[in-house]
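Here is a note for a colleague who is opening this structure for the first time. The points below are meant to be read with the sequence and the coordinates at hand.

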Amino acid sequence: MASQWRAAFQSNRHFVAGALVAAASVPAVTLLSDDIVHPPAFPWRHRGYFSSYDHAALRRGFQVYQEVCASCHSLERIRWRELVGVTHTKDEVTNLCKEVDVLDGPNDEGEMFERPAKLFDKLPKPYPNDEAGAAANGGALPPDLSLMVKARHEGHDYIMSLLTGYMEPPAGKVMMEGLYYNPYFPGGGIAMPPPLQDEGVEYEDGTIATVAQQARDIAQFLNWTAEPEMEERKKNAGLNMLVLMFLVIGSGYMKRLKWSPHKTRKIAYVKGM
């Protein structure tokens with residue numbers, strides 16, 4: 001049988017070699033045909049099994065969102081109260097709320113009215129409706145950023161790369177009017193102009209606001225908006241694993257305690273007299 005297989009392989013070795021080369025070239029062809037550059041993997045503190053968010057970075061990221069991103073993008077799934085204990089104290093969030101007016105009503109006379117925002121209100125939208133947002137941006141509606149990290153593969157790396165990846169288009173790349181070249185965006189053409197500039201914001205803690213620093217902070221903040229429960233989930237997972245460990249040890253002990261007499265006993269059969 002072995003000799004038959006050897007003879008068959010030798011007679012078809014050219015075919016087998018060609019098949020192996022074709023199979024090896026498929027991933028390369030697939031990658032070369034992609035219309036985007038895949039973002040590199042950046043080191044993130046919160047990615048560890050027992051790691052938490054960098055809350056100083058979350059506070060800076062919220063500042064970047066407020067001063068840069070909030071003019072076009074919304075955070076519809078985040079309420080003011082969720083920032084308490086994460087990026088700001090309760091008093092600080094309450095003061096931020098007072099700077100924003102929200103539409104409420106109707107009142108006793110059936111009319112809508114404006115009032116200062118409260119902790120249970122959602123963060124304000126930049127536009128009253130989607131049509132107004134699209135009209136103000138040349139027909140392209142800026143997406144909501146609440147779940148952007150989950151909406152993209154390795155979203156935190158994608159956001160970091162996208163915000164720092166603006167560059168001049170390569171030779172031969174024709175850009176439509178109103179689009180900016182960014183290799184990390186599908187197709188390479190994005191309608192959003194470069195939003196970050198060096199020293200574009202002035203951080204309260206004195207951190208130097210380079211483009212990379214701002215991009216890293218907003219990426220971590222948007223990771224928190226997508227997974228605000230992450231820290232609590234990891235704490236619960238640790239407690240559950242600790243309880244499970246004791247249950248496994250107790251189960252093993254009880255198994256040996258109950259079954260060891262049965263497994264070590266010897267049964268002897270004596271023929272009848």
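1. Contact, as the word is used in this note, means heavy atoms within 4.5 Å. Helices (H or I, at least four residues) and strands (E, at least two) are DSSP runs, numbered from the N terminus. This is a predicted model, in which local features need pLDDT of at least 70 and side-chain atom pairs count only at pLDDT 80 or more, while totals for chains, interfaces and linings use all residues. Residues are numbered from 1 along each chain as its sequence is written, and side-chain values use heavy atoms, with hydrogens and water left out.

2. Helix 8 (211-226) is a good place to begin. Helix 8 has 16 residues and spans 22 Å from its first C-alpha to its last, close to the 22 Å expected at 1.5 Å a residue; the expected span is 1.5 Å times one less than the number of residues. Of its 16 residues, 12 are buried, so that helix 8 is mostly covered (buried means under 20% relative accessible area, exposed over 50%, and partly exposed in between, with a 1.4 Å probe and protein chains only). Among the buried residues are Ile218, Phe221, Leu222 and Trp224, together with polar ones including Gln214, Asp217 and Asn223. What covers these buried residues includes helix 3 (55-69), helix 6 and helix 7.

3. Which residues have the most contacts inside the largest nonpolar core? They are Leu75, Trp80, Ile159, Ile218, Phe221, Leu222 and Trp224, in a core of 43 residues, where a nonpolar core is a set of buried Ala, Val, Leu, Ile, Met, Phe, Trp, Tyr and Cys residues joined through side-chain atoms within 4.5 Å. The elements that give two or more residues to this core are helix 3, helix 4 (90-98), helix 6, helix 7 and helix 8, and helix 8 gives the most, with 7 residues. Ile159 touches Met148, Val149, Ala219 and Leu222, when residues up to four places away in sequence are not counted.

4. The salt bridges deserve a separate look. A salt bridge is here a side-chain nitrogen of Lys or Arg within 4 Å of a carboxyl oxygen of Asp or Glu, and by this rule the count comes to 10. Arg59 and Glu92 meet in one of them, at 3.1 Å from N to O. Because Arg59 lies in helix 3 and Glu92 in helix 4, the pair ties together parts that are 33 residues apart in sequence. Arg59 is partly exposed at 25% relative accessibility, and Glu92 is partly exposed at 31%. Arg59 and Glu92 are also linked with Glu204 in a network of salt bridges.

5. Another bridge joins two loops. The closest N and O atoms of Glu76 and Lys125 are 3.6 Å apart. Glu76 lies in the loop between helix 3 and helix 4 and Lys125 in the loop between strand 2 and helix 5 (130-136), so this pair ties together parts that are 49 residues apart in sequence. Glu76 is partly exposed, with a relative accessible area of 32%, whereas Lys125 counts as exposed at 52%.

6. Between the strands, the side chains of Arg115 and Asp104 meet in a salt bridge of 2.6 Å, N to O. Arg115 lies in strand 2 and Asp104 in strand 1, so the pair ties together parts that are 11 residues apart in sequence. Arg115 is buried at 13% relative accessible area, while Asp104 counts as partly exposed at 26%.

7. Some backbone details are worth checking by eye. The peptide bond from Gly105 to Pro106 is cis, with omega near 5°, and Pro106 sits in the loop between strand 1 (101-104) and strand 2 (113-116). Glu154 is a residue other than glycine with a positive phi, near 50°; Glu154 is found in the loop between helix 6 (148-151) and helix 7 (155-164) and is partly exposed, with a relative accessible area of 32%. Glu199, also not a glycine, has a positive phi near 60°. Glu199 is placed in the loop between strand 4 (189-190) and helix 8, and counts as exposed at 54% relative accessibility.
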